[in-house]
Amino acid sequence: MVKKAVVCLMLAGWAATADAQYIPAYQPDSFAVKAADVVYWHKGNLLKHLEASLTVGTTGIGIDLAVPLSQYVQVRAGFDYMPPISMKYRHKVLGGGKEPTAYDEKGGRKETAFDEISNYWYDKTGYELEDHVDLKAKLTMYNAKLLVDVYPFKFNKKWHFTAGLYLGPSQFAEANQASGSEKMLNAILEYNKAYRAGSDGELEDLGLLSIQMGTYSHNFQKGDKKYLMNAAYEMEPTSDGKVNISCTSNSIKPYLGFGYGGLLFPSRNDWKITVEAGALIWGGTPSQTTHDGTDLSKDVQAYPHTITKIVKALKVYPVLSVRIAKTLF
């Protein structure tokens with residue numbers, strides 16, 4: 001499939017070379033054509049020039065090599081890597097599937113199941129439960145890319161349109177427990193073990209501790225267990241007290257974009273800078289699968305203002321990049 005797509009892109013570039021004519025790079029002696037509008041290809045020099053570039057943008061840090069196919073077309077191939085930059089965000093801890101804090105009609109604090117569980121656990125272990133856990137999310141993507149740039153205007157090579165493919169792992173982001181939340185996650189794990197074991201009658205009516213992620217968006221069944229719409233999704237830590245959420249899309253992602261560029265240095269036409277905007281089409285809503293197998297995008301209505309809700313809303317991945325290129329020969 002990848003080979004067929006690459007062949008199609010190459011054929012499109014070759015087709016654009018038919019009857020193409022262009023002026024070699026030169027210092028213009030009139031204002032009719034500016035140096036920034038003259039590219040490094042001319043008739044008879046097909047595939048005999050090479051351009052190297054560095055890109056920085058929302059797909060990470062990238063490098064690529066480009067060769068011109070005609071006056072109007074060049075092909076680029078390269079690789080993008082996203083540095084491991086993470087962002088911390090917070091989720092409440094539910095007691096018996098309910099909010100950890102509640103207030104009466106006068107604004108006074110009401111005791112909740114979480115308060116009772118917290119008091120019980122403090123008496124038993126001396127550890128005071130927190131009403132939240134912190135998670136950290138980071139992009140993990142890296143991609144090879146094959147792109148075709150089309151310059152549609154004969155005497156203005158500043159504007160271009162781009163189409164191509166990105167190829168990389170299906171996972172593009174993940175979320176895990178943030179540093180400092182380990183004790184709270186282990187406390188949730190140990191309390192839930194005690195609750196399920198029924199070792200203490202005090203726990204019978206309190207319910208489980210869980211991490212607030214949202215409510216089920218529809219009725220469905222997995223195995224022998226039924227899940228009801230609007231019931232809280234009670235996410236618990238793994239057996240070793242951790243959290244993992246994996247965000248995935250298609251491995252092969254078509255790309256469409258456009259850009260505007262010019263000379264990086266006014267006196268030299270072998271250095272160029274381009275700003276480009278576009279979108280990676282990753283095949284619909286990405287999956288967000290937790291360590292217990294729940295797809296947050298498909299089965300859970302996330303609470304507002306969470307990263308989960310933002311990822312679910314992104315049907316394509318926005319791309320914005322700056323590219324600095326040097327003509328090697």
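Start by selecting R323: with a relative accessibility of 8%, this arginine counts as buried, since anything under 20% does. Keep in mind as you click around that this is a predicted model.

Now add E51 to your selection. The two side chains form a salt bridge, and the closest N and O atoms are 2.8 Å apart. Colour the strands next: R323 sits in β20 (residues 317–327) and E51 in β1 (residues 51–57), so this pair ties together parts of the chain that are 272 residues apart in sequence. Is E51 buried or exposed? With a relative accessible area of 1%, E51 is buried.

**Next stop: R76**

Select R76, then D149. Their side chains meet in a salt bridge, at 2.7 Å from N to O. This one also links distant parts of the chain, as D149 belongs to strand β8 (residues 142–150) and R76 to strand β3, 73 residues apart. D149 has a relative accessible area of 1%, so it is buried. R76, at 4%, is buried too.

Leave R76 selected and add E276. Here is another salt bridge for R76, with 3.3 Å between N and O. What does the pair connect? It links strand β3, home of R76, with strand β17 (residues 268–280), home of E276, and the two residues are 200 apart in sequence. Both partners are buried.

Now select the whole group: E51, D64, R76, D80, K145, D149, K272, E276 and R323. Salt bridges with shared partners join these residues into one network. For the wider picture, a search of the whole structure finds 16 salt bridges.

**A loop worth a click: M82**

Go to M82, in the loop between β3 (73–81) and β4 (86–95). Why does M82 count as buried, loop or not? Its relative accessibility is 11%, and the cut-off for buried is under 20%. Show G60 as well: M82 and G60 are 22 residues apart in sequence, yet their C-alpha atoms are 4.0 Å apart in space. Beyond its neighbours within four places in sequence, M82 is in contact with residues including T58, L139, M141 and Y317.

**Rings together**

Turn to the aromatic side chains. The whole structure has 13 aromatic pairs. One of them is Y120 with W121, a tilted pair with 6.3 Å from centre to centre and 40° between the planes. Y120 and W121 are both buried. Add Y191 and Y195 to see the full group, because these four residues form one aromatic cluster.

**Two pockets to finish**

Switch on a surface view and look for the largest pocket, with a volume of about 470 Å³. To find its middle, select A137, L139, A173, I307 and V311, which lie nearest the centre among the 24 lining residues. You've met L139 already, as a contact of M82. Elements that each supply at least two lining residues include β7 (132–139), α5 (307–313) and β20. What classes of residue make up this lining? It has 19 nonpolar, three polar and two charged residues.

Last, head to the second largest pocket, which holds about 350 Å³ of space. Select Y216, K225, Y227, Y233 and E234, the closest to its centre of the 16 residues that line it. Three strands give two or more residues to this lining: β12 (220–222), β13 (225–227) and β14 (232–235). By class, the lining divides into seven nonpolar, two polar and seven charged residues.

Technical notes
Residues are numbered from 1 along each chain as its sequence is written. This is a predicted model: local features need pLDDT of at least 70, side-chain atom pairs count only at pLDDT 80 or more; totals for chains, interfaces and linings use all residues. Side-chain values use heavy atoms; hydrogens and water are left out. Rings of Phe, Tyr and Trp (its six-membered ring) pair if their centres lie within 6.5 Å; planes under 30 degrees apart count as stacked, over 60 as edge-to-face and the rest as tilted. Buried means under 20% relative accessible area, exposed over 50%, partly exposed in between (1.4 Å probe, protein chains only). Helices (H or I, at least four residues) and strands (E, at least two) are DSSP runs, numbered from the N terminus. Contact means heavy atoms within 4.5 Å. A salt bridge is a side-chain nitrogen of Lys or Arg within 4 Å of a carboxyl oxygen of Asp or Glu. On a 1 Å grid over the protein atoms alone, a cavity is a set of points where a 1.4 Å probe fits but cannot get out, and a pocket is an open set with protein on both sides within 12 Å along at least five of seven lines; lining residues have an atom within 4 Å of a point. Grid points are joined across faces, edges and corners, and a volume is the space filled by probe spheres set on the points. Ala, Val, Leu, Ile, Met, Phe, Trp, Tyr, Cys and Pro count as nonpolar, Asp, Glu, Lys and Arg as charged, and the others, Gly among them, as polar.
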